[in-house]
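Work through these short exercises with the structure in view. Try each task before reading its solution.

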Amino acid sequence: MRRRNIFVRSLGVLARKFRVLQETWILPWWGSGGLASAPLWAMDSVVLVIKLCSACVVAVLKVLIPPTMKSLHGETVLITGAGHGIGRELAMQFAELGATVVCWDCDARSNNAVVQEIRSKDGDCFGYTVDVTVREQVTGLAALMRRQLTEISMIVTNAGAATCAPLTHLRPEAVMKLIEINFLAHVWLIQAFLPSMIERRRGHIVAINSSAGLMPSADMVPYCAAMFGLRGFMDAITEELRLDAWTKNIHTTSVYLATVNTGLYPSPTHRFTSWYSELSAKQTAKIIIEGIRRNHKCISIPPFMTSLIDIHNLMPYRIRIILTDFFNFGNRGWFCFC
């Protein structure tokens with residue numbers, strides 16, 4: 001693992017030195033535009049080939065020698081929506097692995113029950129009652145925690161809510177609430193804790209998303225809008241951190257859930273439900289934590305979902321909706337045609 005990190009860092013150092021050489025000496029000497037840019041094109045093409053070859057080698061090595069899972073001992077993990085469902089199971093399993101867990105939830109009773117259960121098993125856990133949709137509460141509690149606790153090294157933005165109804169049947173207040181809890185709450189939380197991670201040059205941001213953030217779904221318009229927004233937000237944050245040499249040890253992970261029995265979504269009714277069953281919250285939490293410990297940028301449950309959706313999105317629109325109607329046998333779109 002250490003050798004691989006040294007190899008990747010060496011490539012990064014060489015690339016940065018080449019860029020400095022290019023900007024300091026090559027560009028002033030050769031200029032830009034026309035034939036003068038030919039040497040630059042050639043050098044950039046060589047660098048491109050080297051990067052592509054090294055990426056392929058690293059990918060093969062990861063398949064042959066899977067990266068070891070990082071230890072969670074000494075980590076302080078903040079989980080929103082920790083009072084029930086996947087959030088509760090994540091809190092329990094993080095604590096079992098030696099992490100200090102901080103539980104946030106708007107339901108004080110269920111949140112305190114999780115805290116007491118973890119403490120009864122000799123785990124380190126703290127609980128706070130907070131509405132993550134209120135930015136002032138998030139920022140205020142984040143400042144309080146920095147004074148009372150060690151710095152948060154990992155945040156898991158898990159709190160969410162869903163409503164299945166046509167857009168025209170939803171009140172404006174309900175639409176706003178869905179957007180706030182499924183998108184803005186994630187933004188406020190990450191914005192509150194990311195500066196301290198950048199200051200310490202290490203951290204991990206985990207966002208629990210949904211298959212609704214990958215494909216549109218009827219009767220869930222505000223929820224899909226929020227999940228698509230969260231997907232774009234996490235992708236943009238990942239790119240922003242990648243381009244900053246000071247934040248290379250701040251990892252991001254987006255989790256996309258489809259076949260999980262949490263009670264938040266209706267049971268699947270598609271044609272192939274017998275091929276794979278819904279996972280429990282406990283099984284799902286275990287898969288998520290294993291991916292986090294390997295610093296995976298994307299975790300999909302089921303694993304093949306993101307690949308199928310990527311292939312699906314390459315098809316023309318009419319083909320996509322025909323296949324979607326075939327897959328969702330109970331969908332009213334089965335009786336429609338393009």
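**Exercise 1: Helices on the sheet**

Task: Find which strands helix α3 lies across, and how α3 runs relative to β1.

Solution: This is a predicted model. Start at helix α3, residues 85-96. It lies across β1 (76-80), β2, β4 (154-157) and β6 (250-257). Its direction is at about 170° to β1. Next take helix α4, residues 108-120. Helix α4 also packs on the sheet, where it touches β2 and β3. The angle between the directions of α4 and β3 is about 175°.

**Exercise 2: The sheet**

Task: Give the strand order, then say which strands stand at the edges.

Solution: The sheet is open and has seven strands. Read across, the order is β3-β2-β1-β4-β5-β6-β7, and the pairing is parallel. β3 (125-129) and β7 (298-301) each have a single partner strand, so one side of each lacks a neighbour in the sheet. On average, neighbouring strands are turned by 15° against each other, direction ignored. Now look at one pair: five bridges join β2 (residues 100-105) to β3. Within it, Asp105 stands opposite Thr129 of β3.

**Exercise 3: A helix pair**

Task: Describe how α5 and α6 cross, and which residues make the contact.

Solution: Take α5 (residues 135-148) and α6 (residues 172-200). Their axes come within 9 Å and cross at roughly 30°. Angles under 35 degrees count as roughly parallel, so α5 and α6 are roughly parallel to each other. The crossing is right-handed. From α5, the contact uses Arg135, Val138, Ala142 and Arg146. From α6 come Trp188, Leu189, Gln191, Ala192, Phe193 and Ser196. Sort these contact residues: six are nonpolar, two polar and two charged.

Note on methods: Residues are numbered from 1 along each chain as its sequence is written. This is a predicted model: local features need pLDDT of at least 70, side-chain atom pairs count only at pLDDT 80 or more; totals for chains, interfaces and linings use all residues. Side-chain values use heavy atoms; hydrogens and water are left out. Axes are lines fitted to C-alpha atoms, for helices over the stretch in contact, and angles run from 0 to 180 degrees between N-to-C directions. Helices (H or I, at least four residues) and strands (E, at least two) are DSSP runs, numbered from the N terminus. Angles under 35 degrees count as roughly parallel, over 145 as roughly antiparallel, 65 to 115 as roughly perpendicular and the rest as oblique. A crossing is left-handed if the near helix is turned anticlockwise from the far one by less than a right angle, and right-handed if clockwise. Contact means heavy atoms within 4.5 Å. Ala, Val, Leu, Ile, Met, Phe, Trp, Tyr, Cys and Pro count as nonpolar, Asp, Glu, Lys and Arg as charged, and the others, Gly among them, as polar. Two strands pair if DSSP finds at least two bridges between them.
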